[in-house]
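Visitor: I would like a close look at one part of this protein. Please show me the open spaces on it, and then the parts around them.

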Amino acid sequence: METISDNNWLLTILVFAPLVGALIMVLIPQEDEQSHKQVALLTSLVTLGLAAFLLIDFNYGKAGVLQYFVDTEWIEVIDAGYTIGVDGMSLPLIALTALIMPLVFVYSWNHIPEPGNAKAFLILSLILETGMIGTFVAQDLVLFFVFFEVVLLPMFFMIAVWGGENRRYASLKFFLFTLFGSALMLLSFLALYFLTEADTFSMLVLTENAGEGITRGTQLLVFAGMFLGFGVKVPMFPFHTWLPDAHTEAPTQGSVILAAVLLKLGTYGFIRIAIPMLPEAAEAWAPWIGLLAVIGIIYGALGCLAQTDMKRLIAFSSVAHMGFVMLGIATLTDFGINAAIFGMVAHGLITGMLFFIAGSVKERYHTLEIKRLGGMLAQAPRLGWILGFVSMASLGLPGLAGFWGEFPAILAAYEPAAGVSEQTFRVYMVVAAIGTVLAAGYLLWLLQRTAMGEPSAEFADDPNITDVSTTEWIAWAPLLFGIVLFGVAPGLIFEVTDLAVAQSLDNCITTLTGCEVAEAAASSGSGGG
C-alpha cells in the first residue's frame, strides 16, 4: 500500500503535545489553579494549531493514501511497531478532537466541577486528548489498543470523582462494560496475528491480507469479538446501558468529551479495522449490525420520550444518532461509510453542544428535571434560542449538519453492497425514517417544556438565572459555526473522506469477489462430478 512520509514528525508531536502539557502541570503546585488553567488551554491551542497545519498541509488529492507515515520498531519481541499515519477517514476526526478540547478548557475556566481540584481534572483531560488522537492515527493493532485503553482511566476518574450522586455506580458500570469489550477486542487482534501467519500487528498488512488464510467460520468468530469490543464503545443496542448513567453523572466537560469524541472510537474501529480486515465476515454480519442499528434508533427515541431529566434525554438521543452511523457502516458501501463519518462529526458538534447547554442550565437552575424548567426564552433568551437552534440541528433539519448525518445513511440502506440483502436493508431504511419522526417529537417536546412558556414560580425571581456568559460564547461559537458550515457545505467532509473510504473498501470488494468466484468454481466442479 502506498504511503507518504513527508513531515512525518507532525503526527508524533500532535499526539504527544497534550501529554507534555500534562507533565508540565504535574510540576505546578495544586494551589496555583490559574496556572493550571493557562497551561491546559495553551497546550490544547498548540495541539489545535498543529491540527490546523495538518489540515492545510494534507494532500487532498491523495486522501486515500496514508500521509505523514511513520513506521519504526517499538516492541520487537511481539512484532509491534510504532506505526502511525493519517488519511481522509481519520483526518476529520482528528480535527474534531483538536477543536473540542480547547473549547472544553475555555468552558472550564469558570466551571471547574466540585471538588475543585483543577490540577487533576485538567491533567486527566489532556491525557484523554492524547489517547483520542493516538487512536485515530495508530496503524498498528497493539498501538491502537494502547491508545484505545488510555482513555478509559481518565474518563473513569472524571465520572467517579467529579460526577453526580450516583457517580460510583455509573463509573464502575462504564469501566466494566468497556473493559469487557476491550478484552474481546484484544483476543480478536491476537487471533488475526496468529491465524493470518503474517506475524505482524501492522494494520496495513492485515488490511491487504483481508482475512486471507482464515476460514469463514473462524472469521465470523473473530469479527464477533471486534463487534462486541467496538459495539460497547459506540455504544450499540443492547450494549448501550452504561451510556445514560455515565452521561447523567459525568461533569459537563466529561459528557461533552464522551459524546463528541469517545463514542467515535468504536465506530472508527469498525471502518478502520473490522470491515477491511475481515470483509467476508463483515458481509455475513452486516444484516445483524443493521438490525441492531435500527433497533437502537427506535429504542433511543422512545427512551428519550420517557425521560424526565434533560441530560439523560440527550444521552438516549446519542443511542439513536449512533444508530444512524452504524446503519451507514452496515451497508458496506462507499456512500454509507462516507455518511457514517459525516454522522460522527455532526453528532460530535451537535450533541457536544447540547451537553454544554445542559451544563449551563444545571448551573443556573440547579436541576435538569424537565418539569421544573420552563420559560428559558423569557429569562435567558440567548440560551433559549441556542437550545432551539441546536435542537433543530439534532432532529435533522436541512441546512444544518445533522441532516447530512442521517439522510445519506437512510439513503445508503436502499442499495447496500452486493451480497447483502437489499430487501432487508430497505426495511431498515423505512424503520430508520420513522426514527427521524420520533427524533422531532422528543426534541420539540424538550424545547417546548424547557424554553417556552412562562418561568415556573420556583425560578421566576431567581437572580442567578443569567444569560450566556462571555466564556460560554467563546466555547460555543465554533461549534455553532461548524453546525451551519457543514450543513450548507457538506462536501467539505465528503470530499475528504471519499477517496479514503473507496481505497479501504476496494480491497474488501476484491476479496469478496474472489471468494464468490472460488465458491462458484467449487460448486461447478462438484456438480460436474
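Guide: A pocket here is an open set of grid points with protein on both sides within 12 Å along at least five of seven lines. The model is predicted. Now take the largest pocket. Its volume is about 690 Å³. The lining of the largest pocket has 26 residues. Nearest the centre lie A250, P251, T252, K311 and K362. Three elements give two or more residues each to this lining: helix 10 (242–249), helix 11 and helix 14. Helix 14 gives the most, with four residues. The lining of the largest pocket is mixed in class. There are ten polar residues, eight nonpolar and eight charged.

Start with helix 10. The loop between helix 9 (216–233) and helix 10 holds P235. P238 lies in that loop too. Look at the bonds that lead into these prolines. The peptide bond from V234 to P235 is cis, with omega near -10°. The bond from F237 to P238 is also cis, and its omega is near 5°. Most peptide bonds are trans.

Next comes helix 11. It spans residues 252–277 and packs with helix 13, residues 310–330. Two packed helices are described by the angle between their axes and the distance between the axes. For helix 11 and helix 13, the angle is about 15° and the axes are 12 Å apart. Angles under 35 degrees count as roughly parallel. Helix 11 and helix 13 are therefore roughly parallel to each other. The crossing of helix 11 past helix 13 is right-handed. Which residues touch? On helix 11 they are T252, S255, L263, K264, T267, F270, I271 and I275. On helix 13 they are K311, S318, M322, V325, M326 and I329. By class, this contact of helix 11 with helix 13 has eight nonpolar residues, four polar and two charged. Two names should look familiar. T252 and K311 belong to this contact, and T252 and K311 are also among the residues nearest the centre of the largest pocket.

Helix 13 leads on to a closed space. The second largest cavity holds about 110 Å³. Its lining has 13 residues, and H321, G343, H347, G402 and E406 lie nearest the centre. Helix 13, helix 14 (334–365), helix 16 (381–394) and helix 17 (401–412) each give two or more residues to that lining. Helix 14 again gives the most, here five residues. The lining of the second largest cavity divides into seven polar, five nonpolar and one charged.

Now follow helix 14 once more, to the second largest pocket. That pocket has about 510 Å³ of space. It is lined by 22 residues, and L55, A95, L485, F486 and I493 are closest to its centre. Helix 14 supplies at least two residues of the lining, as do helix 2 (33–57), helix 3 (91–108), helix 19 (470–488) and helix 20 (491–528). Check the classes here. The lining of the second largest pocket has 19 nonpolar residues, two polar and one charged. For the largest pocket, the classes were eight nonpolar, ten polar and eight charged.

So trace helix 14 on your screen. Helix 14 gives residues to the lining of the largest pocket, to that of the second largest cavity and to that of the second largest pocket.

Methods. Residues numbered from 1 in each chain as written. Predicted model: local features only at pLDDT ≥ 70, side-chain atom pairs only at ≥ 80, totals over all residues. Heavy atoms only, no water. Axes fitted to C-alpha atoms, helices over the stretch in contact; angles between N-to-C directions. Parallel < 35°, antiparallel > 145°, perpendicular 65-115°, else oblique. Left-handed = near helix turned anticlockwise from the far one by under 90°. Contact = heavy atoms within 4.5 Å. Nonpolar A, V, L, I, M, F, W, Y, C, P; charged D, E, K, R; others polar. 1 Å grid on protein atoms, 1.4 Å probe; cavity = no way out; pocket = protein on both sides within 12 Å on 5 of 7 lines; lining within 4 Å. Points joined across faces, edges and corners; volume = space filled by probe spheres on them.
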